[in-house]
There are 2 protein chains.
Amino acid sequence: MRATDENGIDVVRQLLGAKPRPVGWAERRARIVEVGGAWPVAADIAFETVDAGGVPAEWSRAPGADTSRVLLFLHGGGYCSGSLASHRTMATEAGRAAGISTLSLEYRLAPEHPYPAALDDARAAWTWLERQGFAADRIVVGGDSAGGNLGLALWRDLRDAGRPAPAALWLVSPWTDLTVSGASIDDNDAIDPLLHRAYLEELATAFVPEGIPHDDPRVSPLFADLTGLPPTLVQVGADETLLDDSVRLVRAAALAEADVRLHVFPHMIHAFPLWNAVLPAARAALGEFGMFARTYLA
Amino acid sequence: MRATDENGIDVVRQLLGAKPRPVGWAERRARIVEVGGAWPVAADIAFETVDAGGVPAEWSRAPGADTSRVLLFLHGGGYCSGSLASHRTMATEAGRAAGISTLSLEYRLAPEHPYPAALDDARAAWTWLERQGFAADRIVVGGDSAGGNLGLALWRDLRDAGRPAPAALWLVSPWTDLTVSGASIDDNDAIDPLLHRAYLEELATAFVPEGIPHDDPRVSPLFADLTGLPPTLVQVGADETLLDDSVRLVRAAALAEADVRLHVFPHMIHAFPLWNAVLPAARAALGEFGMFARTYLA
């Protein structure tokens with residue numbers, strides 16, 4: 001059931017429908033920039049390109065940002081596409097909502113660079129941030145879709161190395177189960193304009209090296225030991241095939257005694273905060289993230 | 001896994017352990033008043049006893065409360081126990097957090113008064129509130145445990161009668177599945193100090209008349225059509241057997257295109273906001289409810 005009213009999603013659905021996903025990684029990477037960058041970044045955002053421990057990255061700050069605290073932003077795109085350009089409106093407005101700087105990463109993509117290349121890049125950037133003087137409790141890690149997967153992988157990597165955890169995690173439409181086993185894969189197949197089983201399986205196969213099963217907790221954090229998870233906010237659209245990747249993650253986090261929140265936004269689609277220029281619910285989601293980040297950042 | 005640290009829950013667990021649940025409804029009703037009323041109500045709350053359409057009820061207001069908006073509070077106790085007295089600290093502090101009046105209901109209890117007596121009472125009080133001049137969008141309906149079940153039943157009753165819905169629903173540890181089928185019934189059996197399968201089944205049998213199956217949506221809203229559900233905040237403890245009553249309700253509400261949030265509080269137990277005098281997480285939960293209510297009340 002979809003609304004055709006004031007929630008604005010039809011504009012985004014029309015955009016996506018007008019630019020169907022092509023075949024070929026290069027073409028897909030161009031398309032995600034087109035659809036993610038369909039509306040311009042706000043004119044008052046200041047940018048700074050930076051090498052974050054060997055990883056191309058970009059600082060962004062809205063006026064008045066507290067530069068002693070950081071959102072480390074990890075874009076989505078199934079680990080095979082997505083970039084600074086595709087996610088700039090989401091990353092910059094998230095930073096504005098939290099009143100802090102954003103560091104967005106251009107981590108390496110599959111299939112050229114399968115697991116663990118993206119995790120290696122995220123860890124390198126994290127270590128670089130620490131060396132820049134940002135204590136872990138001054139950093140919130142956030143991302144959408146595969147970026148949520150990567151945020152969980154980064155947190156686990158830090159935990160297992162005995163390193164301090166980020167202050168909080170922000171996961172938007174996270175892809176947590178690379179076996180593509182959630183019931184919502186089918187339940188929401190007809191209403192999700194972006195992600196369907198065959199494509200998700202293609203992405204998983206491109207990202208996960210042979211020899212690692214797709215239910216390995218290194219690539220599917222849904223099946224990981226989540227002990228010690230920092231406070232986590234999960235936001236997801238009701239019209240997503242990945243709805244159950246969020247619902248099940250939250251349940252698993254609860255059983256691991258995490259402070260975890262799930263907010264389901266009606267009529268919204270995968271990674272909807274990308275389109276905050278036209279979606280009131282996206283702006284509400286970013287505002288909620290901002291309050292959440294302020295609550296948990298030291 | 002439990003913390004034994006600063007979260008305060010051990011004090012509540014000791015209270016509950018020192019007053020184990022007796023046999024017999026009268027004895028159980030006395031016990032829930034003892035454990036729910038173990039800490040006094042704040043001295044600055046003003047009370048007013050009232051007949052709310054034939055239902056014994058109690059207004060409460062903290063200083064400065066906006067008396068044009070109401071929390072209609074429905075206590076828990078498995079539909080067989082609970083009262084104004086047992087839930088006074090939760091109901092009054094929830095009203096304070098939202099900055100509004102609270103109307104708490106003393107609805108009729110099973111087994112003397114099985115379904116639909118409690119719903120009839122809640123509807124009568126709702127109608128009385130409307131006749132007092134409170135529009136539906138000035139009322140938020142909240143409750144814990146069976147009170148969450150009753151809140152959902154009241155909302156469905158209004159919807160099915162074509163009447164306006166409350167502005168929002170607040171469900172704390174709601175009991176949504178009277179078939180007692182959630183996996184957390186077993187997963188959390190060892191750490192939940194209050195609710196276990198045999199007791200839940202005893203309550204369900206006392207409440208549901210013969211001839212109504214326990215999965216009937218009238219008594220188990222988890223299995224109901226949730227179309228039109230108003231914005232809903234669900235709060236639950238991680239250490240509850242009823243965790244999955246919340247998780248599954250939120251999933252069902254998402255598929256019905258509701259604006260729904262779930263917050264799981266680590267180390268907390270069933271209906272933990274009752275003990276806000278000693279639990280920081282309970283005060284945080286009430287504060288979150290207050291922000292939520294302010295967002296959605298007209």
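**Exercise 1. Is A:C80 buried or exposed?**

Work this out, then do the same for B:C80 and look for disulfides.

*Solution.* Keep in mind that you are working with a predicted model.

Step 1: Start with the cut-off, since a residue counts as buried when its relative accessible area is under 20%.

Step 2: A:C80 has a relative accessibility of 1%, so A:C80 is buried.

Step 3: Turn to chain B, where B:C80 has a relative accessible area of 0% and is therefore buried.

Step 4: For disulfides, search the whole structure; over all chains, the result is zero.

**Exercise 2. Describe the surroundings of B:T102.**

*Solution.* Let's move from the backbone outwards.

Step 1: Find the element. B:T102 belongs to strand β4 of chain B, which covers residues 100–105.

Step 2: Check the accessibility. The value for B:T102 is 0%, so this residue counts as buried.

Step 3: List the neighbours, leaving out residues up to four places away in sequence. B:T102 then touches B:E58, B:W59, B:S60, B:L71, B:F73, B:A91 and B:G95.

Step 4: Look again at one of these neighbours, B:A91. A polar atom in the side chain of B:T102 lies 3.2 Å from the backbone oxygen of B:A91. Polar contacts are counted within 3.5 Å, so keep that cut-off beside you as you check the distance.

**Exercise 3. Describe how chain A and chain B meet.**

*Solution.* Begin with the whole interface, then zoom in.

Step 1: Count the residues. Chain A brings 29 residues to the contact, and chain B brings 29 residues.

Step 2: Find the area. About 2,200 Å² is buried between chain A and chain B, with 58% of it coming from carbon and sulfur atoms. On the chain A side, A:R251, A:E257 and A:L262 supply 28% of the area that chain A buries against chain B, more than any other three residues.

Step 3: Count the pairs. Eleven residue pairs are in polar contact across the interface, and there are five salt bridges between the two chains. You can look up a salt bridge between the side chains of A:D187 and B:R251, with 2.8 Å from N to O.

Step 4: Name the elements. In chain A, α6 (184–187), α8 (243–255), β8 (260–265) and α9 (280–296) each supply at least two residues of the side that touches chain B. The most comes from α8(A), with seven residues.

Step 5: Sort by character. The side of chain A that touches chain B has 16 nonpolar, five polar and eight charged residues.

Note on methods. Residues numbered from 1 in each chain as written. Chains lettered and ligands numbered in written order. Predicted model: local features only at pLDDT ≥ 70, side-chain atom pairs only at ≥ 80, totals over all residues. Heavy atoms only, no water. Disulfide = S-S within 2.5 Å. Buried < 20%, exposed > 50% of the residue type's maximum accessible area, 1.4 Å probe, protein only. Helix = DSSP H or I, 4+ residues; strand = E, 2+ residues; numbered from the N terminus. Polar contact = N/O pair within 3.5 Å; in protein donor to acceptor, adjacent residues only side chain to side chain. Contact = heavy atoms within 4.5 Å. Buried area = accessible area lost by both parts, 1.4 Å probe. Salt bridge = Lys/Arg side-chain N within 4 Å of Asp/Glu carboxyl O. Nonpolar A, V, L, I, M, F, W, Y, C, P; charged D, E, K, R; others polar.
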